[in-house]
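Hello,

Here is the structure you were going to look at. My notes on it follow below the entry.

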Amino acid sequence: MVADSKSKSDISFAGTFVSSAFSACFAEICTIPLDTAKVRLQLQKKAVAGDVVALPKYRGMLGTVATIAREEGLSALWKGIVPGLHRQCLYGGLRIGLYDPIKTLYCGGSDFVGDVPLTKKILAALTTGALAITVANPTDLVKVRLQAEGKLPPGAPRRYSGALNAYSTIVRQEGVGALWTGIGPNIARNSIINAAELASYDQVKETLLKLPGFSDNVVTHLLSGLGAGFFAVCIGSPVDVVKSRMMGDSAYKSTIDCFLKTLKNDGPLAFYKGFIPNFGRLGSWNVIMFLTLEQAKKFVKSIESS
């Protein structure tokens with residue numbers, strides 16, 4: 001498992017999948033307000049009144065959270081939680097559950113002995129991230145659409161009454177293929193971020209455990225989770241912005257079109273819009289998820305071995 005890069009998983013795939021899905025869902029519930037703030041900041045474009053550039057509505061992570069809570073109520077911060085949990089059950093379970101088997105495959109099988117090379121870890125995580133998000137893309141689309149609803153003017157009719165209504169409305173109005181809108185940048189984003197998260201967690205933990213004074217405990221898991229979140233947000237932010245804009249606004253024709261229009265209209269720094277809430281979100285998400293995952297795997301292992 002991710003917790004031990006030197007050996008193959010000592011619990012079943014089903015046990016790893018359930019542990020991963022549970023841990024990802026728990027982290028999602030704890031951190032989705034920061035994700036909602038991140039999406040709003042990424043979708044925000046320059047407002048121009050005449051020749052004057054108006055002040056943006058959302059400013060900073062805490063300011064965005066406060067504005068949403070004040071104008072739309074606290075519950076608005078958890079908009080998209082239902083498809084968010086759908087996503088984590090599928091995406092979280094698959095990307096982590098498949099990581100060890102694919103890493104073992106890339107190393108030539110279960111007979112491999114020694115530390116797994118970092119390149120193999122990265123390749124395995126890229127693969128599982130791409131496979132998992134291909135399955136889970138519809139849930140990601142619906143989550144972003146629901147989170148973007150709050151930016152509509154007061155009194156404007158809402159497109160969706162909830163997650164299930166959003167799925168059916170999108171299929172009815174835009175076709176089944178619309179559920180995979182943004183699949184290109186989403187595969188790019190999630191495979192890259194998955195590689196940054198899983199491979200860096202694996203590598204940081206492996207390195208820490210070789211240092212004097214470190215053991216396989218909560219402190220090591222916490223530091224490894226923070227490292228995973230930092231690498232993920234630094235590498236994945238530009239792709240994440242393009243993904244959020246494509247999913248939240250159907251005006252873009254393609255990934256390249258969205259990239260070029262964002263660069264032209266908002267400048268290169270737009271690709272790091274929401275960087276602080278994104279790091280706050282991914283950093284805390286990874287710490288919570290990996291801490292929970294380590295304990296969940298121990299629990300499942302005790303059940304399977306009894």
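Tyr99 lies in helix 4 (residues 99-106); helices here are DSSP runs of H or I with at least four residues, numbered from the N terminus. With a relative accessibility of 0%, Tyr99 counts as buried (under 20% relative accessible area, with over 50% being exposed and partly exposed in between; 1.4 Å probe, protein chains only). Between Tyr99 and Ile187 there are 16 Å from C-alpha to C-alpha, at a sequence separation of 88 residues.

This is a predicted model, in which local features need pLDDT of at least 70 and side-chain atom pairs count only at pLDDT 80 or more, while totals for chains, interfaces and linings use all residues. Residues are numbered from 1 along each chain as its sequence is written, and side-chain values use heavy atoms, with hydrogens and water left out.

Helix 3 (residues 81-97) has 17 residues and spans 22 Å from first to last C-alpha, close to the expected 24 Å (1.5 Å times one less than the number of residues). A bend of about 30° occurs in helix 3 at Gln88, taken as the angle between axes fitted to the seven residues ending there and the seven starting there. Twelve of the 17 residues of helix 3 are buried, among them Ile81, Pro83, Arg87, Gln88 and Tyr91.

The axes of helix 5 (residues 118-148) and helix 7 (residues 183-209) come within 7 Å and cross at roughly 140° (lines fitted to C-alpha atoms over the stretch in contact, angles from 0 to 180 degrees between N-to-C directions). Helix 5 is therefore oblique to helix 7 (not under 35 degrees, roughly parallel; over 145, roughly antiparallel; or 65 to 115, roughly perpendicular).

Regards

Conventions: Helix = DSSP H or I, 4+ residues; strand = E, 2+ residues; numbered from the N terminus.
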